[in-house]
Amino acid sequence: MNLSWLARGTGLICLLFQAPFVIPARASNLTVPPETPAILDKIYSFDLEGAVDAARRMEQERPNHPLGYLLEAEALWWRIWCTSADFKYGMSDARRRPKLAADQHYFELSAKALSLAEVQIKQNDSAEMQFYAGMAEASAARLYGLRGENRNTARSGVRGREHLLRAKTLDPDLADADLGLGLYNYYVDTLSSLARILRFFIGIPGGSKQEGVRLLEQAAAQGALTSNIARFYLALNLHRYDQQYEKALGVLSPLVEKYPTNPLFQFARGDLYAKLGRKQQALACYRAADAAAVQNLECQSHVHELVRASIASLGAQ
């Protein structure tokens, strides 16, 4: 175990943008532009190329706002997750991979979003800009974690937490911020041994797994745009660390049914079915993942490899 889980857990969902024509967000005074939900739907449906194109159009139309850069990074992250995942311990997950030259563009997107948010915070502090700043730090942290850079992961995670806490201070009803705060609490408590070591060296604050679960459940239930991703990570954590397979399946299944073309969602549900001994249902999920229309060739090849490993594990049980 290592603190890379902290970074990867803070799966970035880019939220909340003020524009002349807006959609009110639930349980908050924040707003989003009408194209944002469609871009997020492309990401969750695994139309990652379409999501990147749409995010770049947003960057061109709103060059001084963090949202487009965060959305592009989010789409790229799912591709990174896909090409980095392996099948171990009865589940597909992105655990570790080396540094790649292509990572530079991803980090540049996160840095750009953070810089733009900080400029606006200095001009007029607001919950949405604090939220964007926190998500930009989380975006960088998760890739540092995947690359095994634990100190960079922790530093970015702590800075992101500070921004999210400030966002909640400015807008206590901002349930979307509970995604990042919930994951921080959950992972720091779950990975307590390493967290204690890093706390000694760089002063990372403590956390509570119970509070983390509560915050994730709140984000899943009330988040304006983070409800889907909060549901995904809550289910993964219930599987990874708590072995609460039935509960995790209940959390995850609505997401898979909403986005059946996402192979990573199908893998996650298939793995849970397998742990519960429901081999035929697991097999159906793995086959659905194999049939998914994955545009990126490297990701597509990796999905097929994961399917073969997942199906082979059913015969070994």
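Modeller: A disulfide is a pair of cysteine sulfur atoms within 2.5 Å. By that criterion the structure, which is a predicted model, holds 1 disulfide.

Biologist: What makes Cys82 and Cys299 a disulfide?

Modeller: The sulfur atoms of Cys82 and Cys299 are 1.9 Å apart. The limit is 2.5 Å, so the pair Cys82 and Cys299 counts as a disulfide. The link of Cys82 and Cys299 is right-handed, with 100 degrees about the S-S bond. The pair joins distant parts of the chain: Cys82 is in helix 4 and Cys299 in helix 15 (residues 297-316), 217 residues apart.

Biologist: Is Cys82 buried or exposed, and how do you know?

Modeller: The relative accessibility of Cys82 is 1%. Buried means under 20%, so Cys82 is buried. Cys299, also with a relative accessible area of 1%, is buried by the same cut-off. Another cysteine, Cys285, has a relative accessible area of 5% and is therefore buried as well.

Biologist: How much of the protein chain is made up of buried residues?

Modeller: Buried residues make up 60% of the 317 residues in the protein chain. The secondary structure of the chain comes to 15 helices and 4 strands. Among contacts between residues at least 6 apart in sequence, 68% join residues at least 24 apart.

Biologist: Why is His163 called buried?

Modeller: His163 has a relative accessibility of 15%. That value is under 20%, so His163 is on the buried side of the cut-off. His163 sits in helix 7 (residues 150-170). Not counting residues up to four places away in sequence, His163 touches Leu114, Glu118, Ile121, Gln130, Ala133, Gly134 and Glu137.

Biologist: And what class of exposure does Pro254 have?

Modeller: The relative accessible area of Pro254 is 39%. Buried ends at 20% and exposed begins over 50%, so Pro254 is partly exposed. Pro254 is found in helix 12. From C-alpha to C-alpha, Pro254 and Arg231 are 9.0 Å apart in space, with their positions 23 residues apart in sequence.

Biologist: What is notable about the phi of Tyr89?

Modeller: Tyr89 has a positive phi of about 55 degrees although it is not a glycine. Tyr89 is placed in the loop between strand 3 (85-88) and strand 4 (91-94). At 68% relative accessibility, Tyr89 is over the 50% cut-off and therefore counts as exposed.

Biologist: Where does Gln243 lie, and why is Gln243 not in the exposed class?

Modeller: Gln243 lies in the loop between helix 11 (227-240) and helix 12 (245-258). The relative accessibility of Gln243 is 44%, which falls between 20% and 50%, so Gln243 counts as partly exposed. Gln243 too is a residue other than glycine with a positive phi, near 55 degrees.

Biologist: Now the empty space. How many cavities of 30 Å³ or more does the structure hold, and what makes a space a cavity?

Modeller: There are 2 cavities of 30 Å³ or more. A cavity is a set of points where a 1.4 Å probe fits but cannot get out, whereas a pocket is an open set. The second largest cavity holds about 50 Å³ of space. Its lining is made of Phe46, Leu48, Glu49, Arg79, Val294, Gln295, Asn296 and Cys299. By class, that lining has 4 nonpolar, 2 polar and 2 charged residues.

Biologist: Which residues lie nearest the centre of the largest pocket?

Modeller: Arg79, Ile80, Arg97, Leu100 and Ala102 do, out of 13 lining residues. Two elements give two or more residues to the lining, helix 4 (67-84) and helix 5 (103-123). Helix 4 supplies the largest share, 5 residues. The pocket holds about 290 Å³ of space. Its lining divides into 5 nonpolar, 4 polar and 4 charged residues. Arg79 lines both this pocket and the second largest cavity.

Biologist: What is the confidence across the protein chain, and where does pLDDT stay under 50?

Modeller: The chain averages a pLDDT of 87, and 85% of the residues score at least 70. Over residues 1-27 pLDDT stays under 50, and the model has 124 contacts beyond four places in sequence for that stretch. Where pLDDT is low, predicted coordinates should not be read in detail.

Conventions
Residues are numbered from 1 along each chain as its sequence is written. This is a predicted model: local features need pLDDT of at least 70, side-chain atom pairs count only at pLDDT 80 or more; totals for chains, interfaces and linings use all residues. Side-chain values use heavy atoms; hydrogens and water are left out. On a 1 Å grid over the protein atoms alone, a cavity is a set of points where a 1.4 Å probe fits but cannot get out, and a pocket is an open set with protein on both sides within 12 Å along at least five of seven lines; lining residues have an atom within 4 Å of a point. Grid points are joined across faces, edges and corners, and a volume is the space filled by probe spheres set on the points. Ala, Val, Leu, Ile, Met, Phe, Trp, Tyr, Cys and Pro count as nonpolar, Asp, Glu, Lys and Arg as charged, and the others, Gly among them, as polar. pLDDT is the predictor's confidence in each residue, from 0 to 100. Contact means heavy atoms within 4.5 Å. Buried means under 20% relative accessible area, exposed over 50%, partly exposed in between (1.4 Å probe, protein chains only).
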